Amino acid sequence: MPKIVKKMMVTNPEGLHARPASQLVKKLSKFKSSVIIKYGDKAVNAKSVLSVITLGIDLGVEIEVIVEGDDAEDVIKVVEGVVSGE
Amino acid sequence: MASKIFIIHPHFIVSEGYAFGHLIILTKKVDFQKDQKITLEELKKAAERLKSKLLEAIKKETSQEVKEILGFHTMILDDPFLWDRLSNKASHGKITIEDLNKVRDEVIELFLNIDNPLIRERQHDVKDVFTKLLYEIYGEEKKRISPGDIVYLEEIFPSEVVEFKNLGVGAILCKKGSHTSHASILAQSLDIPFMFNVPDLSEYDGSLVFVDAVHGKIIVEPSKEEIKILKELIEKYSREKAETEKYSLIKFDDVKVMANIGVLQEIDFAKRKGADGIGLFRTEFLFLNRKAPPSEEEQYLAYKKALESFYPDEVIIRLLDIGGDKKLPYLNVSNDENPFLGVRGVRLLLKNRDILRTQLRALIRASAHGNLGILIPMVTILEDIIEVRKIIREIEGELKEEGVKVGNFKVGIMVEVPSVVFNLDEFIPHIDFVSIGTNDLTQYMFAADRNNQEVSKYYRDEDKAIINAIQLVVNKMSRVGKPVAVCGEIAGKVHMIEKLLNIGLKEFSVAPAKVPRVKKRIYELKQLKT
């Protein structure tokens, strides 16, 4: 199964607070791949809005995203989209 | 179609009365009791229902902000992390409300650990969603209830009794129950007909049902002729009851009819029913269903409320009377093989001095607000009384030293063990009053457990042995001019009142709902004499 590990800079002005986290989870729900976000010493399921929000990710920090599954490439793009705030 | 009749043994009538209405079967428990369990499946279904309601609301909503919040709530309901946590806590596919709340608090904790205040704020959404979910689980079935309906459920919780009263429920039928539960006490207080040990009536959901909680009978789908007769029966009963209620206003010069209460909600009810004081205030309700004992302040406020409400009438408050059969997490209880003959009442209190002292401090502080009597439960030997009185003196001293106002109060004992009846003379100098608990006294005199159906024929609380015991106590006490009350079931039995008056009893303490009936009987007997 394809696996992609990618470091990203959070440029979304809202970080990954409630609104962007909700957007992310909503978008990811359409995909099969498992998605993990690592920040600091924590790693959480990116499809859990509660887990993502409570990472407390603010603008300007670096996170690592680990995607594993057949649609991993599309998923990484979606994550990048939300994280960059585009 | 022929009507179907179920006979219920009168032993299982908790609160008397008649009702006629549609049967509503409540399959789910309807309260937020923390040890109550629900299946994950049920929880998921409730979450789905709630989600579709929220999505509906989002469609109609015009404010973008509110839309986003509601959308966030739907996502919480779907959250895989949350469901993982819930599954972990569940055993055999079921989770308790307490664990559900624990998961909620864990999630909230995650929010609270974040420095960013905007994120921390979102904890409220989590709380909100959990609250809505609980309502979804338990609210659904109760929406079916309309005034006059008869509800059937497996078990009932105290808060539900109050809720059903407010919904205008005609009668409550339960599969499980007990006479001593708070739900039962409340049903009596609030005057809702209530029977337990009722067979499963699920197949009659929605049927018209007649409930006779006077003789113990349930008639499903009665015929037209039967309905006519039954309606007349109900009318006659209500008329007589209204007639009896008038007697709540009567006060006698020489006899007092007081109330037994077991929850704070009963204070006002007892007052309305014309109780001449509280003859027995059971304090167990303050201690049950919690992890730590109630604080002195909490107890003080409860006792103060009762004392103020009845002032200048007397309020007799009984010290915690818990048996070894009830395990409270904060109580030091030994494993008695026979709890009724083991560490209960004052025996337990003397082994749990902190609890005893806290309760006594609260009581003695409250004594400044009314006419208090402190009642010691399950006394068997003189040393018990002397020990408790010693502690009372110490606490009085402490409080006075602290500058706390202390009123006058009396100290009395429960007479519920046969030996006390015979040894009363040596106890008398150390007590101000007694209250005869004929229920326990009967259990101990006839060696028959009141809750055991198998031996119900041996449980004879109207027997001459009991009457003689009461008479002995009344005689001994009246010689020294100290009062005696009877607070067992017998005091509320209309046909026993004449006998009790004849042997010189002056104080009856009964369930609040029975006060008018007892007063009526006493009034009638007095009329006959003059």
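**Interface of chains A and B**

I took contact to mean heavy atoms within 4.5 Å. The model I examined is a predicted one. With that contact rule, I found 16 residues of chain B touching 17 residues of chain A. I next looked up the extent of this interface. The size of an interface is often given as the accessible area lost when the parts come together. For chain B and chain A, I noted a buried area of about 1400 Å². Carbon and sulfur atoms give 75% of that area. I then searched across the interface for salt bridges and recorded one. I identified its partners as B:Glu68 and A:Arg19, whose closest N and O atoms are 3.1 Å apart.

**Aromatic pairs**

I counted six aromatic pairs over all chains. One of them joins B:Phe12 and B:Phe196. I classed this pair as edge-to-face, with 5.2 Å centre to centre and 75 degrees between the planes. Which parts of chain B does the pair tie together? I placed B:Phe12 in the loop between strand S1 (4-7) and strand S2 (13-15), and B:Phe196 in the loop between strand S8 (194-195) and strand S9 (208-212), so the contact ties together parts that are 184 residues apart in sequence. I checked the accessibility of each ring residue as well. B:Phe12 has a relative accessible area of 10% and is buried, because buried means under 20%. B:Phe196, at 7%, also counts as buried. Elsewhere in chain B, I noted a cluster of B:Tyr18, B:Phe210 and B:Tyr237 linked by ring pairs.

**Charges over rings**

I looked for charged ends placed over aromatic rings. I recorded B:Lys271 with its charged end over the ring of B:Phe310, 4.7 Å from the ring centre. I also recorded B:Arg365 over the ring of B:Tyr300, where the distance to the centre is 4.0 Å.

**Cysteines**

How many disulfides does the whole structure hold? My search returned zero over all chains. I looked up two cysteines of chain B for their accessibility. B:Cys174 is buried at 0% relative accessibility, and B:Cys487 is buried at 6%.

**B:Asn352**

I located B:Asn352 in the loop between helix H13 (346-351) and helix H14 (353-366) of chain B. Is this residue buried or exposed? I found B:Asn352 to be buried, at 8% relative accessibility. Setting aside neighbours within four places in sequence, I listed its contacts as B:Tyr330, B:Leu331 and B:Asn332.

**Backbone geometry**

Most residues other than glycine have a negative phi, and most peptide bonds are trans. I therefore looked up departures from both tendencies. The peptide bond from B:Tyr311 to B:Pro312 is cis, and I noted its omega as near 5 degrees. I placed B:Pro312 in the loop between helix H12 (296-310) and strand S13 (314-318) of chain B.

I then turned to positive phi values outside glycine. For B:His92, phi is near 50 degrees. I found B:His92 in the loop between helix H3 (80-89) and strand S5 (94-96) of chain B, and I recorded this histidine as exposed, with a relative accessible area of 81%. For B:Glu221, phi is positive at about 45 degrees. B:Glu221 lies in the loop between strand S10 (217-220) and helix H9 (224-245) of chain B, and I entered this glutamate as partly exposed, at 29% relative accessibility.

How values were computed: Residues numbered from 1 in each chain as written. Chains lettered and ligands numbered in written order. Predicted model: local features only at pLDDT ≥ 70, side-chain atom pairs only at ≥ 80, totals over all residues. Heavy atoms only, no water. Phe/Tyr/Trp six-rings, centres within 6.5 Å; stacked < 30°, edge-to-face > 60°. Helix = DSSP H or I, 4+ residues; strand = E, 2+ residues; numbered from the N terminus. Buried < 20%, exposed > 50% of the residue type's maximum accessible area, 1.4 Å probe, protein only. Lys NZ or Arg CZ within 6 Å of the ring centre and 35° of its normal. Disulfide = S-S within 2.5 Å. Buried area = accessible area lost by both parts, 1.4 Å probe. Salt bridge = Lys/Arg side-chain N within 4 Å of Asp/Glu carboxyl O.
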